[in-house]
Amino acid sequence: MLQIVPLGAGDTLAFTAVPGKDNPLGFAVQCHTMPPGRVCDGGTLAGRFPARETQSLLQVTTEGIAPCVNSPYYFSCPIAPLPDQGAQRVSYTLRVAPGDYATNVATVEGRDGLHLATGTLVTTMQGEGTLSLAPAPDVIIPDDSRNAIATLHYSNAGPSVNRGVRLRIGPFPDYLQPSVMSDEPDCVFEGNMLECRPPDLPPGVMRDVAITIYADIQRAPPLPAKSDIEVEASSDLGHSQTVFSVVVMHVQ
């Protein structure tokens with residue numbers, strides 16, 4: 001039988017990759033025969049990666065045999081005849097765009113004359129930097145004033161500059177309307193999401209964004225009305241998430 005196995009020590013096909021870089025990764029196809037000592041026939045190996053514009057598959061190669069055929073999201077490689085316990089290494093490079101932190105799940109299938117092997121490659125994106133969001137306190141909006149300010153703090157503990165910083169805040173329910181002061185970084189509210197593009201963040205620097213949140217009491221559910229708002233910060237080197245709650249309540 002054939003098996004899709006990790007390279008070297010360990011028993012997992014889980015990997016990490018860094019956004020904004022070409023990440024060299026790999027696995028192996030291994031032969032196991034019963035009774036021992038036989039040979040696995042040659043065959044083919046195929047893999048399919050998620051078709052996302054922000055990542056692509058590059059330079060798929062196998063050890064010592066004909067080259068692979070690959071597109072940005074799919075590859076097909078020959079498998080050589082393998083002795084019992086023998087393995088063939090498959091190396092690939094995954095190019096991940098800056099700011100792409102989606103988990104990548106790829107399916108791999110190997111076939112020889114008699115056997116089918118399947119494997120799942122799970123790649124989690126991991127930043128090199130230390131971009132982080134401080135926990136955001138809950139926001140209370142009294143129904144007489146109908147607005148309150150939420151202040152979000154984000155920082156970089158270094159050692160490198162975080163470039164391409166982006167803050168995504170939301171979704172907001174339709175009865176809450178966020179806005180920012182004119183001297184804050186460029187922020188746009190579209191649909192139900194607030195997105196901000198602050199300047200690059202040097203090491204050792206903390207910044208904040210103050211958001212004024214207005215409540216439309218006529219459209220709100222029965223008070224007290226609570227909504228959880230997600231916050232995501234990302235850059236070429238880091239990623240961080242937090243959640244805060246907005247509570248609209250009666251003033252006694």
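**Group meeting: sheets, disulfides and aromatic pairs**

I will start with two cysteines: C68 is buried, and C77 is buried too. Please keep in mind throughout that this is a predicted model.

These two residues belong together, since a disulfide joins C68 to C77, with 2.0 Å from S to S. For those new to the term, a disulfide is a covalent bond between the sulfur atoms of two cysteines. The torsion about the S-S bond of C68 and C77 is about 110 degrees, so this disulfide is right-handed.

How many disulfides does the count come to? The count comes to three.

Another of them links C31 and C40, with an S to S distance of 2.2 Å. The angle about that S-S bond is 85 degrees, and the link of C31 and C40 is right-handed. Is C31 buried or exposed? C31 has 0% relative accessibility, so C31 counts as buried. C40 has 2% relative accessibility and therefore also counts as buried; the cut-off for buried is under 20%.

Then there is the disulfide between C187 and C196, where the S to S distance is 2.1 Å. The link of C187 and C196 is right-handed, with 110 degrees about the S-S bond. C196 is buried, because its relative accessible area is 0%.

If you number the bonded cysteines of the protein in sequence order, the pairing reads 1-2, 3-4, 5-6.

Next, the sheets. One open sheet is made of six strands, in the order 2-12-11-5-8-7, and its pairing is mixed. Which strands stand at the edges? They are strand 2, residues 14-17, and strand 7, residues 69-70. Each of these has a single partner strand, so one side of each is left without a neighbour in the sheet.

Inside the order you will find strands 12 and 11 side by side. Strand 11 covers residues 104-111 and strand 12 covers residues 116-125; eight bridges join them, and they run antiparallel. To pick one position, V108 has G119 in strand 12 as its bridge partner.

A second slide, a second order: six strands form an open sheet in the order 14-22-21-16-19-18, and the pairing is mixed. Here the edges are strand 14, residues 139-142, and strand 18, residues 186-190. Strands 14 and 18 each have a single partner strand, so one side of each lacks a neighbour in the sheet. From one strand to the next, the twist averages 20 degrees.

Within this order, strand 16, residues 166-169, is joined to strand 21, residues 225-234, by four bridges. These two strands run antiparallel. R166 stands opposite S234 in strand 21.

Now the aromatic rings. A pair of aromatic rings is described by the distance of the centres and the angle of the planes. How many aromatic pairs does the structure hold? The structure holds four.

One of the pairs is F49 with F75, which is tilted, at 6.4 Å centre to centre and 50 degrees between the planes. This pair links distant parts of the chain: F49 is in the loop between strand 5 (43-48) and strand 6 (55-62), while F75 is in strand 8 (residues 74-79), 26 residues apart. F49 counts as buried because its relative accessibility is 4%. F75 counts as buried as well, at 0% relative accessibility.

Another pair is F172 with F189. The ring centres of F172 and F189 are 6.1 Å apart and the planes stand at 80 degrees, so the pair is edge-to-face. F172 lies in the loop between strand 16 and strand 17 (176-180), and F189 lies in strand 18, so the pair ties together parts that are 17 residues apart in sequence. F172 is buried, with a relative accessible area of 5%, whereas F189 is partly exposed, at 26%.

To return to F49 and F75, these two form one aromatic cluster together with F27 and Y92.

My last residue is S155, which is found in strand 15, residues 147-156. Why is S155 called buried? Its relative accessible area is 17%, and buried means under 20%. S155 and R207 are 52 residues apart along the chain, yet their C-alpha atoms are separated by 6.2 Å.

Terms used
Residues numbered from 1 in each chain as written. Predicted model: local features only at pLDDT ≥ 70, side-chain atom pairs only at ≥ 80, totals over all residues. Heavy atoms only, no water. Pairing = 2+ DSSP bridges. Axes fitted to C-alpha atoms, helices over the stretch in contact; angles between N-to-C directions. Disulfide = S-S within 2.5 Å. Buried < 20%, exposed > 50% of the residue type's maximum accessible area, 1.4 Å probe, protein only. Phe/Tyr/Trp six-rings, centres within 6.5 Å; stacked < 30°, edge-to-face > 60°.
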